[in-house]
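Trainee: Could you walk me through one part of this model up close, and then show me what else is worth finding in it?

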Amino acid sequence: MSGLELKGLRKAFGLTEIISGVDLKIADGELVVFVGPSGCGKSTLLRLIAGLENVTAGQIVIGDHDVTKVDPAKRGVAMVFQSYALFPHMTVRQNIGFGMRVNRVPKPEAAARLEKAAALLQLTELLDRRPAQLSGGQRQRVAIGRAIVREPDVFLFDEPLSNLDAELRVQMRGELAALHARLGATMIYVTHDQVEAMTLADRIVVLRAGRVEQIGAPLDLYDDPDNLFVAGFLGSPRMNFLTAEVQPDGRLRPNGYAADLPSPVGGLTPGRRVVLGCRPENIEITDDGALTASVKTVEQLGASTFVHADCASSVVLAAELRQRWSLKNQTTLRFNLPTASTQLFDADTGLRIRQ
Amino acid sequence: MPPILRKALIYLAIAAVAFVFVLPLWWAILSSFRPNEAIFRDLFPFTPRALWPEPFTLDAYVAIFERGFGTIIANTLLVAGLTTALGLIVNGLAGYAFALFEFPGKSAVLGIVVVSFMLPFEAIAMPLYSVVSQLGWIDHVAALVVPSVANGLAVFLFYQFFQQVPKDYYEAARLEGAGWLRILWSVYVPLSLPTCISAGLMLFIFQWEAFLWPLLAMPAQQFKVIQVGMAAFQDQYTTAWNQLFGAAVITALIPMLLLIPLQRYYVQGLAGSGIKG
Ligand SMILES: Nc1ncnc2c1ncn2[C@@H]1O[C@H](COP(=O)(O)OP(=O)(O)O)[C@@H](O)[C@H]1O
Ligand SMILES: [Mg+2]
């Protein structure tokens with residue numbers, strides 16, 4: 001097992017650049033999740049690491065070896081495909097053992113590895129079935145089994161849970177986390193689902209349009225995003241954003257309101273346009289709130305209540321409340337953004353404004 | 001109209017149509033079991049006895065084999081079998097290359113392959129003859145087999161099937177360390193059995209039915225194939241109708257017998273192989 005490093009990695013298909021310079025260091029045994037909206041280049045990045053695509057520029061280092069030009073089979077990576085890519089005409093046993101047959105692993109050793117992987121993944125009973133006779137979760141485990149028996153340095157997962165139903169997805173997520181803990185292997189996991197990213201990752205890499213937006217531990221990214229994109233991508237419902245203008249006294253005037261709010265950051269140039277961000281769970285709904293909004297929908301989930309309300313300037317505000325709440329639609333509510341839990345971004349560049 | 005009557009009428013209509021289709025076939029079969037003089041006996045004027053092999057005799061079949069039809073069948077099986085076996089390899093490899101590899105001029109070459117199977121054979125018979133004769137293959141089995149091995153339609157069948165196979169299979173096998181030939185053999189061939197059978201059957205029938213080319217390429221007539229051999233039953237003055245029919249029955253029977261054991265693979269198709277779902 002070993003770590004992995006990407007240096008200035010670029011990939012273009014024809015003239016379109018899909019990956020625009022990715023630098024990343026992954027430690028041995030780390031589980032890193034690439035997350036980003038659909039089409040941002042996550043799969044492409046993973047396929048570059050696997051060797052299924054040739055890099056346009058840059059370097060890939062696994063362990064101590066530069067594998068940029070190495071044959072995919074010799075990089076020490078195993079990949080679990082989104083479609084699982086199980087060979088339909090082979091039994092589970094043959095599927096898992098395929099690579100070992102190709103590489104002429106001695107029969108007793110191959111059998112031992114297969115038994116071990118099957119036991120780990122609870123596949124022992126299913127070894128003689130074909131993929132068509134398995135449920136989605138079982139196919140998923142076979143695909144993982146095929147990766148495990150190769151004893152790779154790095155595991156690559158491309159949206160492995162996206163074909164499962166919601167309940168099974170949660171269960172498999174847990175199994176994957178347990179597997180990672182057990183194998184202690186380096187894993188790269190691609191998903192567009194920020195919940196999966198938050199729950200699985202040691203570190204998250206947020207990608208947008210082929211660039212890394214931010215890298216960090218899940219809660220660090222959640223609490224301390226570098227820009228509007230990361231702030232809005234992690235968390236559900238997403239962070240509330242109010243565009244505001246810095247007043248001569250340094251306070252912030254949200255668009256469409258006549259009230260000023262204190263700024264979480266001092267020393268701003270008056271007239272600068274900024275975005276004030278506040279997560280739904282931090283919104284305070286109080287009768288002496290400085291801002292008003294008109295209630296649109298109220299979702300009572302029991303433990304928490306989500307209130308969606310129209311602010312001035314057609315921004316929709318989402319608030320998560322711990323107590324139950326029974327305001328009717330169209331009622332006007334007053335709310336506050338607690339200064340300590342708001343974040344400030346530049347309205348033009350989208351970058352975070354820190355103290 | 002009462003439903004029962006309606007149904008009866010429908011069945012009657014179906015039976016009539018089926019009769020029209022089956023009649024020539026049936027008449028050919030029963031004629032092969034009649035003596036040559038009796039073939040047209042009950043037709044003009046028509047009596048129902050024309051639909052029954054009577055008087056019954058196996059003379060025609062005995063005569064056919066005495067005239068060397070056994071060798072002719074063996075010859076044709078050899079030519080068709082060789083063509084099928086080599087053709088599956090060559091066309092399968094070509095279809096695989098078109099489906100999975102990128103190379104310069106791919107779409108142009110594929111276009112030529114598609115056009116090639118739209119050309120009637122008669123159009124290329126003469127140029128082909130001059131090529132084959134320069135190779136010194138005239139009157140050689142190679143003259144029958146080699147030109148028929150590469151078949152545009154078979155390439156296209158394989159290409160289409162292999163293209164539908166998810167690319168993930170190729171890539172997964174590639175990551176496991178399998179080379180392209182191994183992937184073809186271990187993954188693509190088992191999945192494409194129905195296509196192999198379609199293509200194989202096509203190549204086989206093509207040779208089984210060949211007449212013009214064997215006639216041109218084997219002028220010495222030492223090595224005769226079925227269609228050429230059958231033509232010999234009909235000479236200028238007399239025609240051994242019963243033998244001709246007997247040969248036709250055998251000729252039709254052999255491909256059918258070959259197909260029956262393969263039928264279950266045929267029906268299996270894509271759904272059964274589990275690619276979908
Ligand atoms: N082989 C290819 N040729 C051309 N464009 C491609 C190819 N593969 C992916 N792309 C493009 O690259 C972009 C990123 O794709 P992908 O990495 O699959 O995104 P993601 O996995 O993040 O959804 C998409 O716009 C896609 O159209
Ligand atoms: Mg993808």
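**A hairpin and its surroundings**

Mentor: Sure, let's begin in chain A, where strand 11 and strand 12 (residues 252-254) pair in the antiparallel sense, with 3 bridges between them. Keep in mind as we go that this is a predicted model. To find the pairing on your screen, click on A:Val246, which stands opposite A:Leu252 of strand 12 of chain A. The two strands make a hairpin with 5 residues between them, and in that hairpin A:Gly250 takes a positive phi near 90°.

Strand 11 of chain A has another partner as well. It is joined by 6 bridges to strand 13 (residues 273-278) of chain A, and these two run antiparallel. Here you can use A:Asn240 as your marker, since its bridge partner in strand 13 of chain A is A:Cys278. How many residues of strand 11 (residues 240-246) of chain A are buried? The count is 5 of its 7 residues, so this strand is mostly covered, buried being under 20% relative accessible area. While you're looking at strands, here's a handy rule: in a regular strand the side chains alternate between the two faces of the sheet.

Stay in chain A for another bit of sheet. Five strands form an open sheet there in the order 14-18-15-16-17, with antiparallel pairing. Its edges are strand 14 (284-285) and strand 17 (316-321) of chain A, each of which pairs on one side only. At one of those edges, strand 14 of chain A pairs with strand 18 (residues 332-336) of chain A over 2 bridges, in the antiparallel sense. Look for A:Glu284 there: its bridge partner in strand 18 of chain A is A:Asn336.

Now bring chain B into view. Where the chains meet, 19 residues of chain B are in contact with 24 residues of chain A. The two chains bury about 1,900 Å² between them, and 62% of that is on carbon and sulfur atoms. B:Glu171, B:Leu175 and B:Glu176 supply 38% of the area that chain B buries against chain A, which is more than any other three residues do.

Two of those names come back when you look inside. The model holds 4 cavities of 30 Å³ or more, and the largest cavity has about 70 Å³ of space. Its lining includes B:Leu175 and B:Glu176, along with A:Met79, A:Phe81 and A:Arg146. At least two lining residues each come from strand 6 (77-80) of chain A, helix 4 (136-148) of chain A and helix 8 (167-175) of chain B. Sorted by class, that lining has 6 nonpolar, no polar and 3 charged residues.

The largest pocket holds about 450 Å³ of space. Of its 16 lining residues, B:Ser116, B:Ile124, B:Ala150, B:Asn151 and B:Phe206 lie nearest the centre. The largest share of the lining, 3 residues, comes from helix 5 of chain B. By class you'll find 12 nonpolar, 4 polar and no charged residues in this lining.

One last stop: B:Gly81, in helix 3 (residues 69-100) of chain B. Is it buried, exposed or partly exposed? It counts as partly exposed, because its relative accessibility is 29%, which falls between the 20% and 50% cut-offs. Leaving aside residues up to four places away in sequence, B:Gly81 touches B:Thr76 and B:Phe204. B:Gly81 also lies 9.2 Å from B:Gly200, C-alpha to C-alpha, although the two are 119 residues apart in sequence.

Conventions: Residues are numbered from 1 along each chain as its sequence is written. Chains are lettered from A and ligands numbered from 1 in the order in which they are written. This is a predicted model: local features need pLDDT of at least 70, side-chain atom pairs count only at pLDDT 80 or more; totals for chains, interfaces and linings use all residues. Side-chain values use heavy atoms; hydrogens and water are left out. Buried means under 20% relative accessible area, exposed over 50%, partly exposed in between (1.4 Å probe, protein chains only). Helices (H or I, at least four residues) and strands (E, at least two) are DSSP runs, numbered from the N terminus. Two strands pair if DSSP finds at least two bridges between them. On a 1 Å grid over the protein atoms alone, a cavity is a set of points where a 1.4 Å probe fits but cannot get out, and a pocket is an open set with protein on both sides within 12 Å along at least five of seven lines; lining residues have an atom within 4 Å of a point. Grid points are joined across faces, edges and corners, and a volume is the space filled by probe spheres set on the points. Ala, Val, Leu, Ile, Met, Phe, Trp, Tyr, Cys and Pro count as nonpolar, Asp, Glu, Lys and Arg as charged, and the others, Gly among them, as polar. Contact means heavy atoms within 4.5 Å. Buried area is the accessible area (1.4 Å probe) that two parts lose on being put together, summed over both.
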